[in-house]
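Let's practise reading a protein structure together. Work through each exercise with the model open beside you, and try each task before you look at the solution.

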Amino acid sequence: MWWRMRGWRGEAGGLPSYDAQVMTIDSTNNLLGLQGMDAGSIRALLAPAARLMENRRAFGRPLAGRTVVNLFFEDSTRTRVSFTVAAQALGAGVVQFGAGGSSVSKGETLLDTARTVEAMGVDALVVRHSSAGAAGLIAEHVGAPVINAGDGAHEHPTQGLLDILSLAQSHDRLGGFDLSGLTVAIVGDILHSRVARSAIAGLTTLGAAVVCVGPAALCPDGIASLGCSVERDLDAVIGSVDAVMALRVQFERGAELGDGADGDPGDAGAYAMRYGITSERADRMKAGAVVMHPGPMNRGLEIESAVADGPRCVALKQVAAGVPVRMAVLLHSIGGDVGAGVAVT
Ligand code: CP
């Protein structure tokens, strides 16, 4: 099945028209990642998200009577709540599944769990799991659309989309989402980051340059194969980039802070000194450059509190952008009668 979105007639806020846009997200309406997605498909998700960011009620409640299940096998604050708010804003009912308190504790497998939930008659599964590929595996075995809400160190596509929407908002690129001429530094634990993989794919597909900055142990040279450049010295790039995205050191995925030798990130103090977004570094950023963070933050490690709460930081704007992004993704995946403004067939 191909997605066809028609009727982006509104030009509110200078946003683009997307008449008869043909979507190529996935032949089964899943959203599993941004890697491999073409620019037109990314823009066709971002355009309605931008409309919804302006007016959350722009498309009414087209998912009334539909049911979305948050199938979360790993903890979450932002993504889980954001998908819930998004689905409810479109009129859908939302069911929360957490592995804790479920029959997973009795040995039920991932696929049996997903199939069991699907058998109750649901319209979409939003899946978070600590293993890369978990959402894709479920998508192969269920009929309902599957939206990846983060799978191990693989992808977090709605986070990537909201990062792009936030960057476009801060740099006046909402009209067309052409990011050419912008450079984004992604700093820290790239190796264990699904956020980085989705962001690199989405940002570069839309024309931005991405430089990944970190110690070799957390930002190996091979990361360049994703389409970015690699830099060890944050101070060499901080003054020239348009955005810095600070990433959490993901200890739960095996990241370690060691003694600082041979590319090792060092202890927490050494790491913060080399790769932390400090006030002193933020002061050296270009006028208009922003500090991003996907959350949750380790204040004092990858980002100083004064920066996190300061004027350059758009972390809460990123959180806010997550709701319209997830609304747009749910509309694509589930469809429905969206009434005036857009029709999904
Ligand atoms: N950014 C993000 O995915 O946050 P949560 O883990 O809180 O969902």
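**Exercise 1. Find what comes just after helix α6, and describe its phi angle.**

Solution. This is a predicted model, so go to the end of α6 in it. There you meet Gly207, which follows the helix. The phi of Gly207 is positive, near 105 degrees.

**Exercise 2. Check whether the span of α6 agrees with its number of residues.**

Solution. Step one: α6 covers residues 194–205, which is 12 residues. Step two: at 1.5 Å a residue, the expected span is 16 Å, because the rise is multiplied by one less than the number of residues. Step three: the end C-alpha atoms of α6 are 17 Å apart, which agrees.

**Exercise 3. Decide how covered α6 is, and by what.**

Solution. Start with the count: 11 of the 12 residues of α6 are buried, so the helix is mostly covered, a residue being buried if 20 or more other C-beta atoms lie within 10 Å of its own. Among the buried ones are Arg194, Val195, Ile200, Leu203 and Thr205. Now look around them: the covering elements include helices α1 (39–54) and α5 (157–170), along with strands β6 (146–151), β7 (183–187), β8 (209–213) and β10 (243–246).

**Exercise 4. Work out the strand order of the open four-stranded sheet, then look at one pair inside it.**

Solution. The order is β4-β3-β5-β6, with parallel pairing. β4 (93–98) and β6 are the edge strands, since each pairs on one side only. On average, neighbouring strands are turned by 15 degrees against each other, direction ignored. Next, take β3 (residues 67–72) and β5 (residues 124–129): five bridges join these parallel strands. Within this pair, Val69 stands opposite Leu125 in β5.

Technical notes. Residues numbered from 1 in each chain as written. Predicted model: local features only at pLDDT ≥ 70, side-chain atom pairs only at ≥ 80, totals over all residues. Helix = DSSP H or I, 4+ residues; strand = E, 2+ residues; numbered from the N terminus. Contact = placed C-beta atoms within 7 Å. Pairing = 2+ DSSP bridges. Axes fitted to C-alpha atoms, helices over the stretch in contact; angles between N-to-C directions.
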